[in-house]
Amino acid sequence: MTQTNTPRAWTESPHSRCQFYRSMCSLPTVIDPTTGRITMRAGFVGAVMMPTELAQRVKTSLDLRGVAPLSIVGHPRAEMWTFLVRADIRPIGDPAEVARLWKARVVAIRDGDIALPSPVADPLMVRTWVSPATSAFRPSGAVVIECALSILRQIGQ
């Protein structure tokens with residue numbers, strides 16, 4: 001009697017996802033040993049977080065300009081998106097522009113931890129990919145901020 005091995009479905013783990021983020025996307029990810037969440041330290045890669053409605057407009061504008069691929073993390077419960085960007089955001093000198101971004105809840109993340117989606121089931125839907133990281137390309141953070149400001153000016157905010 002011969003025994004056959006039935007193929008097992010390939011399942012992704014936080015470890016394999018973290019390895020993918022490191023090797024294919026050049027993201028300096030680690031797994032938090034306590035929570036199992038995948039995070040990375042801002043530095044070489046930064047982030048720009050904004051409300052979903054504004055973020056959708058920014059994404060469309062960047063898509064039309066050919067800025068791709070975009071890596072965007074969605075936070076469904078908070079109704080926010082986070083664009084992963086090159087960390088080239090400079091301080092904005094115009095107080096009116098700073099106020100415009102503040103009022104619109106646009107945040108540049110240049111320091112600290114950035115959490116990424118994990119393959120582990122998330123019953124709270126804390127993080128998901130809107131546009132998954134697939135390569136090492138990151139748009140300029142300064143361009144993402146300027147695009148958001150341009151849209152905010154157009155809509156009178």
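Okay, so let's start with the aromatic cluster: Phe 20, Tyr 21 and Trp 129 belong to one cluster. Keep in mind that this is a predicted model. There are two aromatic pairs in the count. One of them joins Phe 20 to Tyr 21, with 6.3 Å from centre to centre and 55° between the planes, and that makes it tilted. In the other, Tyr 21 meets Trp 129: the ring centres are 5.9 Å apart and the planes sit at 70°, so this pair is edge-to-face. What I like here is the span along the chain. Tyr 21 is in helix H1, residues 14-25, while Trp 129 is in strand E8, and the two positions lie 108 residues apart.

Which of these rings are buried? Tyr 21 is, and Trp 129 is as well. For Tyr 21 the relative accessibility is 1%. Phe 20 is partly exposed, at 31% relative accessible area.

Now, Trp 129 brings us to strand E8, so follow me into the sheet. It's an open one with five strands, ordered E6-E3-E5-E4-E8, and the pairing is antiparallel. E6, at 107-109, and E8, at 128-131, are the edge strands; each has a single partner, so one side of each has no neighbour in the sheet. From one strand to the next, the twist averages 30°.

Further in, E3 (residues 45-51) and E5 (residues 80-86) are joined by seven bridges. If you want a spot to click on, Gly 46 has Val 85 in E5 as its bridge partner.

Next, look at what lies across those strands. Helix H2, residues 52-65, crosses E3, E4, E5 and E8, at about 40° to E5. H2 has 14 residues and reaches 20 Å from first C-alpha to last, close to the 20 Å expected. Its buried residues are Thr 52, Leu 54, Ala 55, Val 58, Ser 61 and Leu 62. And what do they pack against? E3, E5 and helix H4, at 141-154. Just after H2 comes Gly 66, with a positive phi of about 80°.

One more stop: strand E7, residues 113-116. The side chains alternate here, with Ile 114 and Leu 116 buried on one face, and Asp 113 and Ala 115 pointing to the other and not buried. E7 runs antiparallel to E2 (residues 38-41), and four bridges join the two. Across from Asp 113 in that pairing you'll find Arg 41.

Key: Residues are numbered from 1 along each chain as its sequence is written. Side-chain values use heavy atoms; hydrogens and water are left out. Two strands pair if DSSP finds at least two bridges between them. Axes are lines fitted to C-alpha atoms, for helices over the stretch in contact, and angles run from 0 to 180 degrees between N-to-C directions. Contact means heavy atoms within 4.5 Å. The expected span of a helix is 1.5 Å times one less than its number of residues. Buried means under 20% relative accessible area, exposed over 50%, partly exposed in between (1.4 Å probe, protein chains only). Rings of Phe, Tyr and Trp (its six-membered ring) pair if their centres lie within 6.5 Å; planes under 30 degrees apart count as stacked, over 60 as edge-to-face and the rest as tilted.
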